Amino acid sequence: QVQLVESGGGLVEAGASLRLSCTISGGSVSQRSMAWFRQAPGKERELLTVLHWSGTSPNYTDAVKGRFTFSRDNAKNTVYLQMNSLKPEDTAVYYCTAGRPYDNYAYDFWGQGTQVTVSS
């Protein structure tokens, strides 16, 4: 059974940085396409970035491009979302997802989410 556990969220001021982690059990990050989503109160879930299992450079939605970086540590079986220059509009619950081995679809499994709150 694949499980994803996110951590690293918190309350920060605008302009600060946070690094979210997502550790997978029951599977290997090196074999799976993975993604980060967020959902703010009253808003639809938003796809932020996807990392293909091959390790090809991830794509980012315009709202976070240049500020967020998606990376992977195969030895720790963990992916990260480095978030810099945070803005109040980044406030949301952040989720990581994973697909099945060597599949381009990255959304079969979901973590429980971690709250990020950015104060102005």
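A residue is called buried here when its relative accessible area is under 20%, and exposed when that value is over 50%, with partly exposed in between. Keep that cut-off in mind as we walk through this predicted model. A good place to try it out is N77: its relative accessible area is 17%, so N77 counts as buried. You will find N77 in the loop between β7 and β8. Its backbone deserves a look too, since N77 has a positive phi of about 55° although it is not a glycine.

From N77 we can step out into the strands on either side. The hairpin of β7 and β8 has 4 residues between the strands. Strand β7 covers residues 68-73 and strand β8 covers residues 78-83; the two run antiparallel and are joined by 6 bridges. If you would like a pair to find on screen, F68 has M83 in β8 as its bridge partner.

What lies on the other side of β8? Strand β3, residues 18-25, pairs with β8 in the antiparallel sense, over 6 bridges. M83 turns up again here, as the bridge partner of L18. Put together, these strands belong to an open sheet of 4 strands in the order β1-β3-β8-β7, with antiparallel pairing. Its edge strands are β1 (3-7) and β7, each of which pairs on one side only. On average, neighbouring strands of this sheet are turned by 20° against each other, direction ignored.

Let us pause at one residue within that sheet. S21 is found in strand β3. Is S21 buried or exposed? Its relative accessibility is 14%, and because buried means under 20%, S21 counts as buried. Leaving aside neighbours within four places in sequence, S21 is in contact with V5, E6 and S7, with W36, and with T78, V79 and Y80. The last of these, Y80, has a charged neighbour: R19 lies over the face of Y80, at 4.1 Å from the ring centre.

W36, another of the contacts of S21, brings us to the aromatic residues. The structure holds 6 aromatic pairs. In one of them, W36 and F70 meet edge-to-face, with 6.4 Å centre to centre and 70° between the planes. W36 lies in strand β4 (residues 34-39) and F70 in strand β7, so this pair ties together parts that are 34 residues apart in sequence. W36 and F70 are both buried. A second edge-to-face pair is formed by W53 and Y102, at 5.0 Å centre to centre and 85° between the planes. This pair also links distant parts of the chain: W53 sits in the loop between β5 (46-51) and β6 (59-60), Y102 in the loop between β9 (92-98) and β10 (109-110), and they are 49 residues apart. W53 is partly exposed, with a relative accessible area of 26%. Y102, for its part, has a positive phi of about 60° although it is not a glycine.

Rings also gather in a cluster, in which ring pairs link F37, Y95, Y105, Y107 and W110. One member, F37, has a charge over its ring: the charged end of R45 sits there, 5.7 Å from the ring centre.

Now for the interior. In soluble globular proteins, nonpolar side chains tend to be buried together. Here the largest nonpolar core has 28 residues, and those that touch the most other members are L4, M34, W36, F68, L81, M83 and Y94. Several strands contribute: β3, β4, β5, β7, β8, β9 and β11 (114-119) each supply at least two residues of this core. M34 shows how many parts of the chain one side chain can bring into view. Not counting residues up to four places away in sequence, M34 touches L4, C22, V29, T49, V50, L51, F70, V79, T97, A98 and A106.

We can finish in strand β11, at S119. With a relative accessible area of 27%, S119 is partly exposed. Its contacts, again not counting residues up to four places away in sequence, are L11, V12, E13, A14 and P88. For a sense of scale, try selecting S119 and T56 together: they are 63 residues apart along the chain, and their C-alpha atoms are separated by 34 Å.

Methods
Residues numbered from 1 in each chain as written. Predicted model: local features only at pLDDT ≥ 70, side-chain atom pairs only at ≥ 80, totals over all residues. Heavy atoms only, no water. Pairing = 2+ DSSP bridges. Axes fitted to C-alpha atoms, helices over the stretch in contact; angles between N-to-C directions. Buried < 20%, exposed > 50% of the residue type's maximum accessible area, 1.4 Å probe, protein only. Contact = heavy atoms within 4.5 Å. Phe/Tyr/Trp six-rings, centres within 6.5 Å; stacked < 30°, edge-to-face > 60°. Lys NZ or Arg CZ within 6 Å of the ring centre and 35° of its normal. Core = buried A, V, L, I, M, F, W, Y, C linked by side-chain atoms within 4.5 Å.
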